[in-house]
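Subject: Structure for you to look at

Hi there,

Here is the structure I promised to pass on. Please open it alongside this email, and I will walk you through what I found.

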Amino acid sequence: VTLGAQGALAVADGTLFRVPALAVGVVDTVGAGDAFTGALAAALDRGEALRRALACAAAACALACNRSSKGTRCAMGTASAQTIALRCPIESSTFV
């Protein structure tokens, strides 16, 4: 479940996982949900654990929100920016 500025959460096997939203200068939120969902799906497809996949999704979402968009495609940024976001620059210790 995405919670906007409050981050996101997921439940798997009775365990709650919560990820905070990254603090960025929000320019536009167009495409934020798409970025989150796509990054989450890609991370899970790569075999990442749910906690790590949520971190990837939060990073991609922050990247999308920090860009001026003229549609969702522009909000996603370049392939190199997406690659950086998908490397999950968030320490897992920041999550519940």
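Let me start in the middle. The largest nonpolar core has 19 residues, and the members that touch the most others are V19, F36, L40, L54, A57 and C61. Strands β1 and β2 and helices α1 (32–45) and α2 each put at least two residues into this core. Helix α2 gives the most, with nine residues. As background, nonpolar side chains in soluble globular proteins tend to be buried together. If you would like one residue to click on, try C61: leaving aside residues up to four places away in sequence, C61 touches A32, A35 and F36.

Before going further, please keep in mind that this is a predicted model. The mean pLDDT of the protein is 77, with 69% of the residues at 70 or more. Among the elements, strand β1 (residues 8–12) has the highest mean pLDDT, at 94, while helix α3 (residues 72–75) has the lowest, at 50. Over residues 89–96 the pLDDT stays under 50, and the model has 19 contacts beyond four places in sequence for that stretch. I would read those two regions with some caution.

**The overall layout**

The protein is built from four helices and two strands. Starting at the N terminus, the order is β-β-α-α-α-α. Of the 96 residues, 34% are buried. The accessible surface comes to about 5,500 Å², and carbon and sulfur atoms account for 57% of that. If you count contacts between residues at least 6 apart in sequence, 59% of them join residues at least 24 apart.

**Helix α2**

How many of the 16 residues of α2 are buried? The count is 13, so this helix is largely enclosed by the rest of the structure. The helix covers residues 50–65, and its length agrees with expectation: at 1.5 Å a residue it should span 22 Å, and its end C-alpha atoms are indeed 22 Å apart. This is also the helix that supplies nine residues to the core described above.

**The hairpin**

Now to the two strands. β1 and β2 (residues 15–19) run antiparallel and are joined by five bridges. Together they make a hairpin, with two residues between them. Two pairings are easy to find on screen: A8 has V19 in β2 as its bridge partner, and V11 stands opposite L16 in β2. V19 is worth a second look, as it is also among the core residues that touch the most other members.

The turn has a feature of its own. D13 lies in the loop between β1 and β2, and its phi is near 50°, a positive value in a residue other than glycine. Is D13 buried or exposed? Its relative accessible area is 84%, so D13 is exposed.

Two strand residues show how accessibility varies here. V11, which is found in strand β1, has a relative accessibility of 59% and therefore counts as exposed. R18 lies in strand β2 and, at 33% relative accessibility, counts as partly exposed. For a sense of distances, the C-alpha atoms of V11 and V1 are separated by 9.1 Å, with the two residues 10 apart along the chain. R18 and G7 are 11 residues apart in sequence, and 7.4 Å lies between their C-alpha atoms.

If you have only a few minutes, I would begin with C61 and its contacts to A32, A35 and F36, then follow the hairpin round to D13 in the turn.

Happy to talk it through whenever suits you.

Best wishes

How values were computed: Residues numbered from 1 in each chain as written. Predicted model: local features only at pLDDT ≥ 70, side-chain atom pairs only at ≥ 80, totals over all residues. Heavy atoms only, no water. Buried < 20%, exposed > 50% of the residue type's maximum accessible area, 1.4 Å probe, protein only. Contact = heavy atoms within 4.5 Å. Areas by Shrake-Rupley, 256 points an atom, 1.4 Å probe, with all protein chains shown as cover. pLDDT = per-residue confidence, 0-100. Expected span 1.5 Å × (residues − 1). Pairing = 2+ DSSP bridges. Core = buried A, V, L, I, M, F, W, Y, C linked by side-chain atoms within 4.5 Å.
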